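Q: I'd like to learn how to read a model feature by feature. Could you walk me through one?

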Amino acid sequence: MCGIAGIFDTAGRRPIDAALVRRMNAALRHRGPDEDDVFTEAGVALGHTRLSVIDLQNGRQPMANEDGSVLVTYNGEIYNFRELATELAHCGHVLRTRCDTEVIVHAWEEWGVRCVERFRGMFAFAVFDRRRGTLFLARDRLGVKPLYYTFTDDGLLCFASELKALRCLPGFSCAVDPTAVEDYFALGYVPDPKTIYHAARKLAPGWTLLQRIGAPRAVPVQYWDLPFVPAPPLSLTEACAELVARLREAVRVRLVADVPLGAFLSGGVDSSAVVAMMAGLGNEPVETCSIGFPDPRYDESRFAGEVASLYRTRHHTRQVDPDDTGLVDLLAALYDEPFADSSALPTYRVCQLARERVTVALSGDGGDEHLAGYRRYRLAVAEDSVRRRIPAAWRGAMFGMLGRAYPKADWAPRFLRAKTTFQGLARDLVDAYHRGVSLLSPELRARLFSPSMRSALQGYSALATFRGHAVRAPADDPLALLQYLDLKTYLPGDILTKVDRASMAHALEVRGPLLDHKLVEWIASLPSAFKLRRGEGKFVFKRSLERYLPASILYRRKQGFSVPLEAWFRGPLREQVRETLCGDRLADTGYFDRAVLSELVEQHQAGRRDYSSPIWALLMFDAFLRLQEEE
């Protein structure tokens, strides 16, 4: 895994400051500590920092073709590179290495912008073509690898693996986009293609950007979307058998490496399935790593140990300190923009543990999104089945009134907490789902934001992101629509961002078999009833794994990878929370109402409300602001 950066002159062939690209490289050194290099000529500079995984001796980048007319800087893995290399050789190309990087160069020569359609893997890359006078940027279909870019006022297109490299650019504006702040406090991350800054964008998953010298600023083009095209009918038994075969094959292609390789093992269904497939494909015990917590409400280490014993892995567990709160500032520096998923802390620790033993680790990321593992899918689909039986005109009036009248009862047993259900039934599926996954409700965000901030938003709501994706969704049933929304927002914006930054902080490459686009496309073609049946998520997946994993793993209650924020904010972080939220920095931004900030602290620390998620989001936003001040 690597870091990439570069500058391209869209106006002509002016000299590019090589020292500037070296500074951008230096900001990405953690992503590729093995070696780095910069290519420069009039009008272009490409930088690269390398984590050597395949063909350790010959994979230096930026890499060129035989005559030097095409160069690439690339981050990721192309798992079908050997097959492509054979095909390209038959087409007359001469490949001098056995690494996947060189395949990209020749694939560009042979297929142009359509080369990305041939790649199976995770990637973000830039190809400079001297003859055509073009720079081509591409990001993998699901967004496993990041790519940021900006156009400067004087006609330069600059790109990098992380925002911190773009902040090295002279004159880069760190002006914050108010709509990104609204998105962040709704979702806990800034969804693609936005960044926290007006000046920079993310290249969205499954999109490319082709910029020609002398042409107007290019706009991204989508080359892939998840097709929910029904497969030929399969019985449940047939689907189970094919799912295992496809999963095993997705794992197999990810075992190619010239460095030590292992796996994360949380004890959940997805990581356990990956380890089971790995154990069946190799002769050596699998290296597995997991994190434990002293509090049994958060600890899954005994389940990980059960799977490790079953498959005789070399298992390593490290217990996270219950007061492991010292990572707040470090996380802000890693993520570059506000990021409020608190599971980034244990993710950082498990990556740290894994890197002590391996350079590549397989993970179970993506299973919950593609196979309907989240409890929220079950609740949203059940709610929508009720919603569809009631005329829209009646629904809004009847349930809207009940939602307003029914008291909020967070303290009560779950079956008595009907206010949120009534409110959800009064809305459509997209609105209700967006509220269900939001850290702060629209009403709380409206109270939290100052009048000037609300004015700056000009009526914008984070719901607009979900609405935009829903309009384009190639899905015709409620579950598929919700999965599509998560594929476009939560998966790349939260899960994959979290894992990429936490792993690359330790120069660890993480590969996700359940993110294989061929597997994902096939799963999307299955009936929703195979994924969610009678309230059981991952139905076909769990059924297919019954030969490989015990019921205690497959059918136990999902715990998630969380930390005890509620207790932290009333215990070891009590004073830090009070100083941060009631201090001047957040209030002085002009974004927030000081009285509401204080109210959140008082209500939470008095035990009257659980505001742990909003408080964590504010702590991480404050850490982002402090990072800005220090630069």
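**Reading the model, step by step**

A: Happy to, and let's begin with a pocket: the second largest pocket holds about 450 Å³ of space. Keep in mind that this is a predicted model.

Q: Which residues lie nearest the centre of the second largest pocket, and how many line it?
A: The lining comprises 25 residues, and nearest the centre are D192, P193, A204, W207 and H469. Strand 10 (201-202), helix 18 (463-472) and helix 19 (478-488) are the elements that each give two or more residues to this lining.

Q: How do the lining residues of that pocket divide into nonpolar, polar and charged?
A: There are 13 nonpolar residues, three polar ones and nine charged ones in the lining.

Q: Let's zoom in on H469. Where is H469 found, and is H469 buried or exposed?
A: H469 sits in helix 18. H469 counts as buried because its relative accessibility is 13%, and the cut-off for buried is under 20%. Setting aside neighbours within four places in sequence, H469 is in contact with Y484, L485, K488 and T489.

Q: D192 and P193 were on that list too. What kind of peptide bond joins D192 and P193?
A: The general idea is that most peptide bonds are trans. Here, the bond between D192 and P193 is cis, with omega about 0°. P193 is located in the loop between helix 5 (178-187) and strand 10.

Q: Where else is there a cis peptide bond, say one that involves P62?
A: Q61 and P62 are joined by a cis peptide bond, with omega about -5°. P62 belongs to the loop between strand 3 (44-50) and strand 4 (63-64). Q61 also turns up among the residues touched by T101, together with M63, V72 and Y74, when residues up to four places away in sequence are not counted. T101 itself is placed in helix 3 (residues 100-111) and is buried, at 4% relative accessibility.

Q: Strand 10 keeps coming back. How do I read the sheet, and in what order do the strands run?
A: Strands of a sheet pair through backbone hydrogen bonds, either parallel or antiparallel. In this model, six strands make an open sheet in the order 2-3-1-9-8-10, with antiparallel pairing. Strand 2 (35-41) and strand 10 are the edge strands, each pairing on one side only. Strand 8 (residues 148-151) pairs with strand 10 in the antiparallel sense over two bridges, and Y149 has R201 of strand 10 as its bridge partner.

Q: What should I look for in backbone phi, for instance at R534 and K538?
A: Most residues other than glycine have a negative phi. R534 has a positive phi, near 50°, and lies in the loop between strand 18 (532-533) and strand 19 (536-537). K538 also has a positive phi, near 55°, and is found in the loop between strand 19 and helix 23 (539-544).

Q: Which of these is buried and which is exposed, R534 or K538?
A: R534 counts as exposed, at 75% relative accessibility, whereas K538 counts as buried, at 5%.

Q: One last feature: how many disulfides are there, and why is C158 not bonded to C168?
A: A disulfide is a covalent bond between the sulfur atoms of two cysteines. This structure holds zero disulfides. The closest cysteine sulfur to that of C158 is in C168, 11 Å away, so the two are too far apart for a bond. C158 is buried, at 1% relative accessibility, while C582 is partly exposed, with a relative accessible area of 27%.

Technical notes:
Residues numbered from 1 in each chain as written. Predicted model: local features only at pLDDT ≥ 70, side-chain atom pairs only at ≥ 80, totals over all residues. Heavy atoms only, no water. 1 Å grid on protein atoms, 1.4 Å probe; cavity = no way out; pocket = protein on both sides within 12 Å on 5 of 7 lines; lining within 4 Å. Points joined across faces, edges and corners; volume = space filled by probe spheres on them. Helix = DSSP H or I, 4+ residues; strand = E, 2+ residues; numbered from the N terminus. Nonpolar A, V, L, I, M, F, W, Y, C, P; charged D, E, K, R; others polar. Pairing = 2+ DSSP bridges. Disulfide = S-S within 2.5 Å. Buried < 20%, exposed > 50% of the residue type's maximum accessible area, 1.4 Å probe, protein only. Contact = heavy atoms within 4.5 Å.
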